[in-house]
Amino acid sequence: MSAIGSLVFCTDCGNLLDGSTGNENAVLLCEVCGAQCKDTAAKSITTRSKPSSFPSSLRAKRSEVQQLSEDNMQTDAVINQTCEKCGREEVRFYTMQLRSADEGTTVFYTCECGHKWNTNN
Ligand SMILES: [Zn+2]
Ligand SMILES: [Zn+2]
(Lines give C-alpha, C1' and ligand atoms only; values in the text may rest on other atoms or scores of the structure.)
(Ligands and ions follow the chains in the order given, each with its own letter.)
Protein backbone atom coordinates (compact mmCIF):
# COMPACT_ATOMS: atom_id res chain seq x y z
CA MET A 1 0.00 0.00 0.00
CA SER A 2 3.09 2.19 -0.22
CA ALA A 3 4.16 4.09 -3.32
CA ILE A 4 7.81 3.60 -2.44
CA GLY A 5 8.16 0.83 -5.01
CA SER A 6 7.63 3.32 -7.84
CA LEU A 7 10.67 5.40 -6.95
CA VAL A 8 13.72 4.99 -9.17
CA PHE A 9 17.10 6.32 -8.14
CA CYS A 10 20.12 7.16 -10.28
CA THR A 11 22.63 4.34 -10.05
CA ASP A 12 25.50 6.86 -10.26
CA CYS A 13 24.59 9.64 -7.85
CA GLY A 14 21.45 8.46 -6.08
CA ASN A 15 19.28 11.26 -7.47
CA LEU A 16 15.57 10.52 -7.50
CA LEU A 17 14.55 10.01 -11.13
CA ASP A 18 11.14 11.05 -12.39
CA GLY A 19 9.03 9.64 -15.17
CA SER A 20 9.10 6.06 -14.07
CA THR A 21 6.61 4.08 -16.10
CA GLY A 22 7.16 0.72 -14.47
CA ASN A 23 8.51 -0.43 -17.83
CA GLU A 24 11.97 -1.83 -17.24
CA ASN A 25 12.96 -1.23 -20.87
CA ALA A 26 12.56 2.52 -20.45
CA VAL A 27 15.62 4.70 -19.87
CA LEU A 28 15.48 7.55 -17.39
CA LEU A 29 17.89 10.46 -17.71
CA CYS A 30 19.38 11.71 -14.46
CA GLU A 31 18.97 15.49 -14.21
CA VAL A 32 21.87 15.82 -11.81
CA CYS A 33 24.71 13.80 -13.33
CA GLY A 34 23.31 12.99 -16.79
CA ALA A 35 23.56 9.24 -16.35
CA GLN A 36 21.07 7.09 -18.21
CA CYS A 37 19.50 4.70 -15.79
CA LYS A 38 17.16 1.83 -16.37
CA ASP A 39 13.65 2.22 -15.11
CA THR A 40 13.88 -0.27 -12.30
CA ALA A 41 10.51 0.46 -10.76
CA ALA A 42 9.31 -3.00 -11.64
CA LYS A 43 12.09 -4.54 -9.59
CA SER A 44 13.08 -4.16 -6.01
CA ILE A 45 15.54 -1.43 -5.20
CA THR A 46 18.75 -2.71 -3.70
CA THR A 47 20.90 0.42 -3.43
CA ARG A 48 19.72 3.72 -2.09
CA SER A 49 21.61 6.77 -0.90
CA LYS A 50 20.60 8.50 2.26
CA PRO A 51 18.91 11.84 1.52
CA SER A 52 21.10 13.45 4.16
CA SER A 53 24.19 12.79 2.04
CA PHE A 54 23.04 15.30 -0.60
CA PRO A 55 23.89 19.00 -0.52
CA SER A 56 20.78 21.00 0.28
CA SER A 57 20.72 22.63 -3.15
CA LEU A 58 20.48 19.25 -4.78
CA ARG A 59 17.69 18.22 -2.48
CA ALA A 60 15.77 21.38 -3.30
CA LYS A 61 16.15 20.60 -6.98
CA ARG A 62 14.94 17.09 -6.43
CA SER A 63 11.70 18.17 -4.81
CA GLU A 64 11.18 20.79 -7.52
CA VAL A 65 11.47 18.17 -10.22
CA GLN A 66 9.20 15.85 -8.30
CA GLN A 67 6.58 18.59 -8.09
CA LEU A 68 6.68 19.16 -11.85
CA SER A 69 6.22 15.50 -12.48
CA GLU A 70 3.19 15.35 -10.22
CA ASP A 71 1.60 18.27 -12.04
CA ASN A 72 2.12 16.56 -15.35
CA MET A 73 0.37 13.47 -14.14
CA GLN A 74 -2.74 15.46 -13.21
CA THR A 75 -3.92 15.47 -16.81
CA ASP A 76 -5.41 12.06 -16.25
CA ALA A 77 -8.94 10.83 -16.25
CA VAL A 78 -11.70 11.78 -13.83
CA ILE A 79 -13.55 9.15 -11.86
CA ASN A 80 -16.59 9.15 -9.61
CA GLN A 81 -14.94 8.73 -6.23
CA THR A 82 -15.72 10.61 -3.07
CA CYS A 83 -12.85 12.52 -1.48
CA GLU A 84 -12.86 11.84 2.23
CA LYS A 85 -11.37 15.28 2.92
CA CYS A 86 -13.75 17.64 1.09
CA GLY A 87 -16.55 15.39 -0.12
CA ARG A 88 -16.03 16.20 -3.80
CA GLU A 89 -17.45 13.38 -5.86
CA GLU A 90 -15.19 13.63 -8.88
CA VAL A 91 -11.45 13.18 -8.52
CA ARG A 92 -8.66 12.60 -10.98
CA PHE A 93 -6.89 9.29 -11.04
CA TYR A 94 -4.13 7.40 -12.75
CA THR A 95 -2.86 3.87 -12.47
CA MET A 96 0.63 2.54 -12.08
CA GLN A 97 2.09 -0.92 -12.13
CA LEU A 98 4.32 -0.86 -9.11
CA ARG A 99 5.90 -4.27 -9.07
CA SER A 100 5.60 -7.42 -11.10
CA ALA A 101 2.69 -8.01 -13.42
CA ASP A 102 1.06 -10.54 -11.15
CA GLU A 103 0.73 -7.96 -8.39
CA GLY A 104 -2.21 -5.69 -9.11
CA THR A 105 -2.14 -2.17 -10.43
CA THR A 106 -2.13 0.66 -7.91
CA VAL A 107 -4.70 3.39 -8.52
CA PHE A 108 -3.73 6.89 -7.42
CA TYR A 109 -6.47 9.43 -6.73
CA THR A 110 -5.88 13.17 -6.64
CA CYS A 111 -8.56 15.60 -5.47
CA GLU A 112 -8.79 19.32 -6.30
CA CYS A 113 -8.41 20.05 -2.59
CA GLY A 114 -4.95 18.46 -2.68
CA HIS A 115 -5.91 15.25 -0.93
CA LYS A 116 -4.23 12.21 -2.43
CA TRP A 117 -4.60 8.55 -1.76
CA ASN A 118 -4.23 5.23 -3.54
CA THR A 119 -5.64 1.75 -3.56
CA ASN A 120 -4.42 -1.58 -4.86
CA ASN A 121 -6.67 -3.46 -7.23
ZN1 LIG B 1 22.75 10.82 -11.34
ZN1 LIG C 1 -10.94 16.73 -1.72
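Here are four short exercises on this protein chain, each with a worked solution.

The model is predicted, so local features need pLDDT of at least 70, side-chain atom pairs count only at pLDDT 80 or more, and totals for chains, interfaces and linings use all residues. Residues are numbered from 1 along each chain as its sequence is written, while chains are lettered from A and ligands numbered from 1 in the order in which they are written.

**Exercise 1. The elements**

Task: Find how many helices and strands the protein chain has, and in which order they run.

Solution:
- Start with the terms: helices (H or I, at least four residues) and strands (E, at least two) are DSSP runs, numbered from the N terminus.
- Counting them gives 1 helix and 8 strands.
- Reading from the N terminus, the order is β-β-β-β-α-β-β-β-β.

**Exercise 2. The sheet**

Task: Work out the strand order of the open sheet of 4 strands, and name its edge strands.

Solution:
- Two strands pair if DSSP finds at least two bridges between them.
- S5 and S6 are joined by 3 bridges and run antiparallel; here Ile79 has Val91 in S6 as its bridge partner.
- Strand S6 (residues 90-96) is joined to S7 by 5 bridges, again antiparallel. Tyr94 has Phe108 as its partner in S7, and Met96 stands opposite Thr106.
- Put together, the order is S5-S6-S7-S8, with antiparallel pairing.
- The edge strands are S5 (78-80) and S8, each pairing on one side only.
- On average, neighbouring strands of this sheet are turned by 40 degrees against each other, direction ignored (axes are lines fitted to C-alpha atoms, for helices over the stretch in contact, and angles run from 0 to 180 degrees between N-to-C directions).

**Exercise 3. The hairpin**

Task: Describe how S7 and S8 are joined, and what lies between them.

Solution:
- Strands S7 (residues 106-110) and S8 (residues 116-120) run antiparallel, with 5 bridges.
- One pairing to look for is Thr106 with Asn120 in S8.
- The hairpin has 5 residues between the strands, and Gly114 takes a positive phi near 100 degrees.

**Exercise 4. The core**

Task: Which residues make up the largest nonpolar core, and what does Leu28 touch?

Solution:
- A residue is buried if 20 or more other C-beta atoms lie within 10 Å of its own, exposed if 12 or fewer, and partly exposed in between, with C-beta atoms placed from the backbone.
- Of the 121 residues, 12% count as buried.
- A nonpolar core is a set of buried Ala, Val, Leu, Ile, Met, Phe, Trp, Tyr and Cys residues joined through C-beta atoms within 7 Å.
- The largest one has 5 residues: Val8, Cys10, Leu16, Leu17 and Leu28.
- Leaving out residues up to four places away in sequence, Leu28 touches Val8, Leu17, Gly19, Ser20, Cys37 and Asp39 (contact: C-beta atoms, placed from the backbone, within 7 Å).

Definitions and conventions:
Contact = placed C-beta atoms within 7 Å.
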